[in-house]
Amino acid sequence: MGQTTSRADHAQPLQPSSSACPVPHVEPVAAPAKCPIPHDPPPKQAQCPIDHQALNPLNQMPSLAQTPAQNQTVNLPVSRTESSIPRDQSAKWEYPSPQQFYNALVRKGWETPEEHVETMVEIHNFLNEEAWEEVKKWENRHDSASDIQLARFKGRPGELSPKARMWMFAGWLLPSRFNTEPPFDRHDWIVRRAKTGEEVRYVIDYYSAPPEPDGSPVFSLDVRPALDSIGSVKDRIAAATEDAWASFRTSK
């Protein structure tokens, strides 16, 4: 059992083979002729399935149709509501219609009861109006709140801002004191100061808060200029100092 060793001392002598010419006369089979240049097309590179050329550069969203979605059973309004947020000197932004809002949800693969879409649009519009009011409070530091414009924006759901990550970490350390839920949405708004033409990026984190006793939903917005310019850094430091001083005076 196990390994065996072959030895040559008791092997039988080899018998001579019949005489034959040592040179092989069988011609080798030649391979078929083939073009040396490969003609197979190269494999296609992986690419994003969304046609980014079709996106609106002002909001990074595709144009949404007003036609009902497949398998839709409820007729939704197609009228759009004008916001209070200036887009330029002559026009204001319009909110999507309930039908467009529903089409956007379907496009993202989110299941939403059709009968609740109109309420969701009302909440969506209300939150954006509140966010604009917060932006104007920041811009009051520069006496430009009356002539600012929302030049463009981008929704970034699922992308946590650095501040949101910080609050998530604080909630992990002290769950009894800090919120442990991430924001349910994030927007980046580019605000233009009409007098100077300067553009300032604002980050908006949308949080869900505990509901009212009657079940009404409550939301919390964290609106602030992004820390990507010296002016915005100064504004953030000044606001934090003012809040800390106000809290100190209240506790005295």
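Visitor: Let's start with the hairpin made by S6 and S7. How many residues lie between the two strands, and which one in the turn has a positive phi?

Guide: Five residues lie between S6 and S7, and the one to look at is glycine 197, with a phi of about 80°. Keep in mind that this is a predicted model.

Visitor: How do I read the pairing of the hairpin's two arms?

Guide: Follow the bridges. S6 and S7 run antiparallel and are joined by eight of them. For one example, take arginine 186, whose bridge partner in S7 is aspartate 205. For another, valine 191 stands opposite valine 200 in S7.

Visitor: And what is there to know about side chains along a strand?

Guide: In a regular strand, side chains alternate between the two faces of the sheet. As for how covered this one is, seven of the nine residues of S6 are buried.

Visitor: Now zoom out. In what order do the strands of the sheet come, and is the pairing parallel or antiparallel?

Guide: The order is S5-S6-S7-S8, an open sheet of four strands with antiparallel pairing.

Visitor: Which strands stand at the edges?

Guide: Those are S5 (148-155) and S8 (218-225); each has a single partner strand, so one side of each lacks a neighbour in the sheet. Ignoring direction, neighbouring strands are turned against each other by 25° on average.

Visitor: How are those edge strands attached?

Guide: S5 pairs with S6 (residues 185-193) through seven bridges, in the antiparallel sense; glycine 155, for instance, is partnered by histidine 187 in S6. At the other edge, eight bridges link S7 and S8, also antiparallel. Valine 203 has arginine 224 of S8 as its bridge partner there.

Visitor: What lies across the sheet?

Guide: Helix H2 (residues 117-139) does: it lies across S5, S6, S7 (199-209) and S8, at about 35° to S8.

Visitor: I noticed a proline in S8. Is proline 225 buried or exposed?

Guide: The cut-off for buried is under 20% relative accessible area. Proline 225 has 1%, so it counts as buried. This residue, which lies in strand S8, touches Trp138, Val200, Arg201, Tyr202, Ser232 and Arg236, leaving aside residues up to four places away in sequence. Compare aspartate 188: it is 37 residues from proline 225 in sequence, yet their C-alpha atoms are 9.5 Å apart.

Visitor: Two of those names interest me for the pockets. Which residues lie nearest the centre of the second largest pocket?

Guide: Trp138, Arg236, Ala239, Ala240 and Asp243, out of 14 lining residues. The volume of this pocket is about 240 Å³.

Visitor: Which elements supply its lining, and which gives the most?

Guide: H2, S8 and H4 (230-251) each supply at least two residues, and H4 gives the most, with six.

Visitor: How does the lining divide by residue type?

Guide: Nine of the lining residues are charged and five are nonpolar, with no polar ones.

Technical notes
Residues numbered from 1 in each chain as written. Predicted model: local features only at pLDDT ≥ 70, side-chain atom pairs only at ≥ 80, totals over all residues. Heavy atoms only, no water. Pairing = 2+ DSSP bridges. Axes fitted to C-alpha atoms, helices over the stretch in contact; angles between N-to-C directions. Contact = heavy atoms within 4.5 Å. 1 Å grid on protein atoms, 1.4 Å probe; cavity = no way out; pocket = protein on both sides within 12 Å on 5 of 7 lines; lining within 4 Å. Points joined across faces, edges and corners; volume = space filled by probe spheres on them. Nonpolar A, V, L, I, M, F, W, Y, C, P; charged D, E, K, R; others polar. Buried < 20%, exposed > 50% of the residue type's maximum accessible area, 1.4 Å probe, protein only.
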